[in-house]
Amino acid sequence: MLQTISILLENKPGALLRVTGLLSARGYNIESLTVARIIDPELSRMTITVDVEDRLRGQVIKQMNKLVNVLQATDLTDAPAVIREMVLLRVRCLQENRTAVLKEAEIFQARVVDSSTEGFAIEATGDPAKLDEFIAVMGSYGEIEVTRSGGVAMSLEGKKLRLQPPVQAAVPQTVF
Amino acid sequence: MQAPELQTNSAKNIETGKLPELGKLMSGAEMLLECLAREGVDCFFGYPGGVTIPFYDAMVDHHIRHILVRHEENACFAAEGYSKSTGKVGVCCATSGPGATNLVTGLVDAMMDSIPIVAITGQVHSKLIGSDAFQEADTFGITRPATKHNFMVKTLAELPRIVHEAFYLAASGRPGPVLVDIPKDVFQARGHYTPVDTIHLPGYKVFTEGHAGQIRRAAQLVWEAQKPLIYAGGGIIAANASAELTEFAEISDSPAVCTLMGLGGLSSSHPNYISMPGMHGSYAANMSLTECDLLIALGVRFDDRVTGQLQSFARHARVIHVDIDPAEIGKNRIPDIPIVGDVKRVLQKLNKLVAELKPEFGDVHREARVQWWSKVRAWKEERPYDRPRAENEIKPQHLMDEIDRLSGGQAIVCSDVGQHQMWAAQLIRFNEPRLWINSGGLGSMGFGVPSAMGAQMARPDKLVFAICGDGGFQMSIPELATIASHGLPVKIIVMNNGFLGMVRQWQTLFYNNRLSAVQLDCFPDAEKLASAYGFRGRTIDKPWQLTQALQEAIDEPGPYLLNVKVTPFENVYPMVPAGGAIQDMVFGPVEPVAVA
């Protein structure tokens, strides 16, 4: 089943690789992944949709939380959250269908970003399932080309972020 | 020589608002040595190469000892032996490219067995990274899944902080290997060294204390149980919780099994100790696991070599699982009481509560506990480990028995991987923690000799055996030079059966005895081999030579290579076929079973 994971991680080289490596090492296929900086430039927020067996979902979150660069990994699959995605779509349509295509775009609250004699380039955002519908509808008018952003998610729960405070360096931690 | 670089991490002190005083001007290589010294490193293992020359140059004037090994993989194994025998962080060092890739097996080994290691690798000049320069490899990428965490140092300014972070990460929480990759120009750059006093890793979470409520519930369960059993693992050794474990076994009146990684956690001579459980564990240990009604799992990970078929493992038992790694809890077995914490801290609290509850509840199941103990003792007597002897040839078990007798539970035993490892684990006693050193999780052949080297370096006072098979020994022959040049009095005992015994055992039992690529038909003359390196060696093949030959090896002030030719076709029993339930043990030769 598809699992949606939201990860707050340090904006450091290799941090992305650690998260994706953890999934690929277990043979999980990543369906979508988005990552970008948040207000604090040292941190990024990542949203991953990944196909994981149900009984292993908890284990994946625990393993992610173990990564030193990961501040918090949260499973949003069954939690209250909003997930939005963006799609850029080019549709080639016959002259007589142009008005119909524009009408459909309007229904999905999509924006036309380019228009040519061949057809339109359209931008749409929304719930991933809604975008599936939009793409299917557009596909019925002619040949289409699609770029999807992958979902970006935000939890609606107030989950407390527990971070480790600074520790003293070179304390003989090593000699117990 | 590079232009002096300004120390950018010497930022204003948050509390005083003052700029720190400029420290001593030194090179990156010198700073690294300074940081190692501050971390208490007295010696480390490595092999130089092009890009680490500046580091090796700085060593000339430094007190930290560098032990030159003969292969980088062995540098990491030696660091593991050093770490396992002392509890300190082991350090190893290799150059870029092939040096770094040769370390990988050792890093994964340390990862699987949770051994704190800091590995330092050189990297090509930062301007050349990504250009396929000579001896360039993506060490950072290659070692990411092989380490607990890894770093690439980009500037001299961040070097001291990263080194201290590496040591902190390696030793704290669930220990593991941490790698620091340092480009040549960072070794060479010069800057002002300011000691790092705090490190901040906001995303690194360590839970040591354990949930008070869960610990209380665990204490209650201990007295509710009629048939409790302690299942102790490598976590006990890593946390130095041996004394707490012993106390717990005694006050809770529970028998205990120690896993391959946990041997010596509870003294092998302790009356509550049963033995090792699992695939080659004892009948008593496996039956106790199957029949117990409370399993107190301490610093273990329910490994497949212990549990066998998971559904039937300790199937009547409620489970208390204490581990410092939250990801281990519920990974293979869902516990009734999960406790995330340092097993030492948790046991201290648990012992207190168990003792407090004892006057009130200690006698509730007195009758049942007495019966349980008599059952455990009966299992022990019913089927102890086989200790066969032969008149004209040395049985491998005979060899281990003799080593056990001479060690008296006091010697450090570093084992390689295979049949001899299992016999050694079964038959040699360990009366203290940190005496048994082996590659448990990864099962890396060639571990025995280099880890013994590291252990002997760390514990010069101790008698150190390296017990190897003839296969694993031949993977570590180059290190005889290291042993000889440092005069390390390691006693290398080769259990030589002329086969890759464990693979052959599986071919015999599960592949219709079709032996394939397991015969090792050319073994060097041990006496000549040892004398070629300037120390003594001997080959024996008769049982009456055994005691005297081992004694001679022990009495020798320097290293000794003893090649013991044993019965070739002896197999390790009991054995639980892979995937089988652990109570379904095989105790002796069976008809070969074909695998579909």
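Start by selecting B:G90 and B:I117: in this predicted model, B:I117 of β5(B) is the bridge partner of B:G90. Now widen the selection to the two strands, β4 (residues 90–94) and β5 of chain B; they pair in the parallel sense, with five bridges between them. To see how the chain gets from one to the other, show helix α4 (residues 98–112) of chain B as a cartoon: the path leaves β4(B), goes through that helix and arrives at β5(B), a right-handed β-α-β crossover.

Stay on β5(B) and turn on its side chains. Which residues point which way? B:I117, B:A119, B:T121 and B:Q123 point to one side, B:V118, B:I120 and B:G122 to the other, and all are buried. With seven of the seven residues in 117–123 buried, the strand is largely enclosed by the rest of the structure.

Next, bring up β7 (residues 177–183) of chain B. It runs parallel to β5(B), and seven bridges join the two. For a landmark, pick B:T121 and look across to B:D181 in β7(B), which stands opposite.

Keep B:D181 selected and add B:M152, because that's your next hop. B:M152 stands opposite B:D181 too. B:M152 belongs to strand β6 (residues 149–152) of chain B, which has both faces covered: B:H149 and B:F151 on one side, B:N150 and B:M152 on the other, all buried. β6(B) and β7(B) run parallel and are joined by four bridges. The chain gets from β6(B) to β7(B) by way of α6(B), and this β-α-β crossover is right-handed as well.

Hold on to α6(B) and switch on chain A. How many residues of chain B are in contact with chain A? There are 32, and they meet 27 residues of chain A. On the chain B side, the elements giving two or more residues are α6 (159–171) and β9 (198–199). Color α6(B) first if you like: it gives the most to this side, with five residues. If you color by residue class instead, the chain B side splits into 16 nonpolar, nine polar and seven charged residues.

Last stop: zoom in on β9(B) together with strand β10 (residues 167–168) of chain A. The two strands run antiparallel, and two bridges join them across the chains. Select A:V167 and you'll find B:I199 of β9(B) standing opposite.

Notes
Residues are numbered from 1 along each chain as its sequence is written. Chains are lettered from A and ligands numbered from 1 in the order in which they are written. This is a predicted model: local features need pLDDT of at least 70, side-chain atom pairs count only at pLDDT 80 or more; totals for chains, interfaces and linings use all residues. A residue is buried if 20 or more other C-beta atoms lie within 10 Å of its own, exposed if 12 or fewer, and partly exposed in between; C-beta atoms are placed from the backbone. Two strands pair if DSSP finds at least two bridges between them. A crossover is right-handed if, with the strands pointing away from the viewer, the path from the first strand over the helix to the second runs clockwise. Two residues are in contact if their C-beta atoms, placed from the backbone, lie within 7 Å. Ala, Val, Leu, Ile, Met, Phe, Trp, Tyr, Cys and Pro count as nonpolar, Asp, Glu, Lys and Arg as charged, and the others, Gly among them, as polar.
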